[in-house]
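User: Please take a close look at one part of this structure, the open sheet, and then set it in the context of the rest of the model.

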Amino acid sequence: MTAVPGAVEESTLRALDYPAVIATVAGYCTCAPGKAAIASLEPALTDPTWAEREQLLVDDAAAFVQAGTDVAFQGVVDTRALAERAEKGSTLSGSDLRHIALAEGALRTAAASLTAERSTARPLHAIAASRTALDQICANIERCIAEDGSVADAASSQLSSIRRQQQALHEQVRERCRAITHNPELASMLSEPIVTVRSGRYVVPVRSEMASQFPGVVHDQSASGATVYIEPMASVEANNKLRTLGAAEEREVLRILTELSRQAGGDAQALTANAALLAQLDSIFARARWAIALRAHRPDFNETPSLRIVQGRHPLLRREAVPLDFDLGEDFDAIIISGPNMGGKTVVLKTVGLFCLLAYAGIPLPAAAGTSIGRLHSIACIIGDEQSIANDLSSFSAHLRALSSATAAAANGSLILVDEIGSGTEPGAGAALAQACIESMIRAGAKVAVTTHFTQLKTFAAAHNRVRNGSMLFDAATNAPTYQFVQGVPGQSFAFSLARAIDLDWRVIARAEVLLGVDAANLERVFAELAAERSSLEAKQAELDALQTRMQRLQDGARQKLAALDEERAAFEKRAAAALQKAVEDLRQELAQRAQARGETAKKQAARADPDSDRALAQTLSEMRRSLGLEVDTSAHGQKRDRPAFASGDSVYVGSFEKNGVVSQVYDDDLLVMIGNVKTLVPASAVTRQALSAAQKLADQSGSTSGLGSLEPRATTSVDVRGMRVDEAWPLVDKALDDASLAGTGELRVVHGKGTGRLGQGLRQFLADHPSVDSVSFAPDREGGNGVSLIKLR
């Protein structure tokens, strides 16, 4: 074989199944010109720009098809030869002209659908817009030529007149002849009473013995001679007129066809260009339909002589193909693929070579995103037995000759694929020749992929920094191939495993292992360990990938739920605020109407009371907003009011208990106050500094029985969380519980207000599982009802 730069030999195309794939793609065409266009596709190794443009067009066509816009040209023939004949002055038949109109109409419809979006950025838009509009010639053909290819009456007024005269004469002659068949004198001379046509003239069947007595002209005789077909003298003149009109009709039809052919000849170049465009569009959409059916995608093209296949599948495999991941040309220049027979080594070679051919032919690849094909100037493939009896070549001689040709033609940008390199001769010599050829190809700049069983080539790949091992995995447990390709690990022969599986005599196997030698056995053992380690790492990586995917899915779900909750909360707050504002406005209107009804005096009194009423109403509205969580209590959490700073030991007056106490501990917005021998957590805003006499201080610090006795009926200890959200309130309640437990208090009073009930419900859910809480109940109505929770401590 001779490798020509930029060209791919026919033998390489056949070896890589390219013609078979092309035939499969052509099956998705809708017309003969499209199939011819697919059949003419060749890998454009010298024009990668064309290949990339074709891939973009097919990608765009697939998008059209998936969006519901397909292009079809059923019944269309290639009209380029017809246009050429018309240009040379030939008169086309009515059928030929009709084919031209059909093709132009189908192309017009396709172009309209592809340019309907008016988006000039789409690759197919420019292609479809290049159509030359030939509406006039198409309209003329459609007006003059019927669907069956005959010239229509409407083609010209003269033709219409001729055919009307013909129709009238035909009816006249038929009537005259029918009258003869009903004439008693002449009817007896007829073989049967019918009217027929011979040589374009109306005749009646007359018995031979009566022919001399029947007035007319003989035109024909039956095969038996018993009947003579005679044109009656009464219809001769009318038949002559019909013959004259027939000739006139033929001349007019010829004139019309000649005129239409002349018009087509004048537009021959445009017709030829449109016919080529139609074939191109059918070819593009056929490739798109094929790509959709096989889940094929447009590959990336790069400027380096390298290739990467991600999850590739050979398009001709009938069974579900095991996806192929393959790299060559970036980190290494050659790969040695080894493994057991029937494991899929040859399929890997064919897939790699076929993908390169398809990519440069503008056909998508059945592979995943990330697949890329580099700049290749030639592709050589040596697969199969090439022995030739005629040329006196053995299998090894033919293999060696092909290998020699590929080695000599190797250059930068060459891709060389060899199946079972160096096979067919003594293994040691074959391996040595194979290694030498690979080294020569690499030095010339070629990219090489070979399959082998030679251990020498496996060790060569392991030792060379620009050569890698690859293998087809084999399930040792089932002695069956997995058809999975891995890079970086040499393949095993599994000869002894298979021998044991088929119950070969164990003594024979043991002797074979001895003959193999310790070094070779150790090497096979290392190969096996590498394969097992690789499988283990891949399994762990798969588990990590699955875990990462699950974590990402959970995170995404949590984010979505949190976003939905935020949206729901915002919507609720907006609705609540609007409802509250409306209720207040309604109340104000009702109060104003009542004030107006009480008269002028009442108005003046109401006017004097308005400031206090407005303040009270505003305060009530603010408290309602805080209870609904629509407003933060600015006295404690927003712009804080000016209040004196407290320190441990300060004497204070606690208004909620109407008792004096001593500050035990200071928090941000709260104080822990000792009242008698009980500690309680109260808001700092509810406490005032108190200057006590020495006797009062002594009484408070000593915890007199009178003071304690008056405190116990009200509450032991309390915490006020009104106006807070649940997530703000529960830390204060939790701390109060801890303090109450330390102080030995049996009950805690939590003031949360009524409002919407969300704060109280949330706190009760929190307290249900608290280790310090024995029970939770609402306070009596006179002490706050369901706005206060009483907590019994364990």
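Analyst: Two strands are taken as paired if DSSP finds at least two bridges between them. On that basis, six strands of this predicted model form an open sheet in the order β10-β11-β12-β8-β13-β14, with mixed pairing. Its edge strands are β10, residues 378–382, and β14, residues 480–487, each of which pairs on one side only. On average, and with direction ignored, neighbouring strands of this sheet are turned by 15 degrees against each other. In general, the strands of a sheet pair through backbone hydrogen bonds, either parallel or antiparallel.

At one edge, strand β13 (residues 467–475) and β14 run antiparallel and are joined by five bridges. Within this pair, S471 stands opposite V486 in β14. Strand β13 also takes part in a helix packing: α16, residues 455–463, lies across β8 (334–338), β12 (447–452) and β13. The direction of helix α16 is at about 130 degrees to that of β13.

Next, the nonpolar interior. The largest nonpolar core has 52 residues, and Y18, L307 and F326 have the most contacts inside it. Helix α13 (residues 345–360) supplies the largest share of this core, ten residues. Beyond its neighbours within four places in sequence, Y18 is in contact with L13, L41, E42, P43, L354, L357, L358 and A361. As a general tendency in soluble globular proteins, nonpolar side chains are buried together.

The charged pairs come next. The structure holds 28 salt bridges. One of them joins the side chains of R85 and D96, at 3.5 Å from N to O. This pair links distant parts of the chain, with R85 in helix α5 (residues 80–87) and D96 in helix α6 (residues 94–114), eleven residues apart. D96 is buried because its relative accessible area of 15% is under the 20% cut-off. R85, at a relative accessible area of 36%, is partly exposed.

Another salt bridge connects D327 and R308, with the closest N and O atoms 2.5 Å apart. D327 lies in strand β7 (residues 324–328) and R308 in strand β6 (residues 307–312), so this salt bridge ties together parts that are 19 residues apart in sequence. D327 is partly exposed, with a relative accessible area of 26%, and R308 counts as partly exposed at 42% relative accessibility.

The side chains of R178 and E171 also meet in a salt bridge, at 3.5 Å from N to O. Both residues belong to a network of salt bridges that links E171, R174, E175 and R178. R178 counts as partly exposed at 30% relative accessibility, and E171 is partly exposed with a relative accessible area of 36%.

Confidence in the model remains to be considered. The protein averages a pLDDT of 81, and 83% of the residues score at least 70. The highest confidence is in helix α2 (residues 18–26), at a mean of 96, and the lowest is in helix α22 (residues 705–711), at 38. Over residues 1–5 pLDDT stays under 50, and the model has 13 contacts beyond four places in sequence for them. Over residues 692–716 pLDDT also stays under 50, with 28 such contacts in the model.

Conventions. Residues numbered from 1 in each chain as written. Predicted model: local features only at pLDDT ≥ 70, side-chain atom pairs only at ≥ 80, totals over all residues. Heavy atoms only, no water. Helix = DSSP H or I, 4+ residues; strand = E, 2+ residues; numbered from the N terminus. Axes fitted to C-alpha atoms, helices over the stretch in contact; angles between N-to-C directions. Contact = heavy atoms within 4.5 Å. pLDDT = per-residue confidence, 0-100. Core = buried A, V, L, I, M, F, W, Y, C linked by side-chain atoms within 4.5 Å. Buried < 20%, exposed > 50% of the residue type's maximum accessible area, 1.4 Å probe, protein only. Salt bridge = Lys/Arg side-chain N within 4 Å of Asp/Glu carboxyl O.
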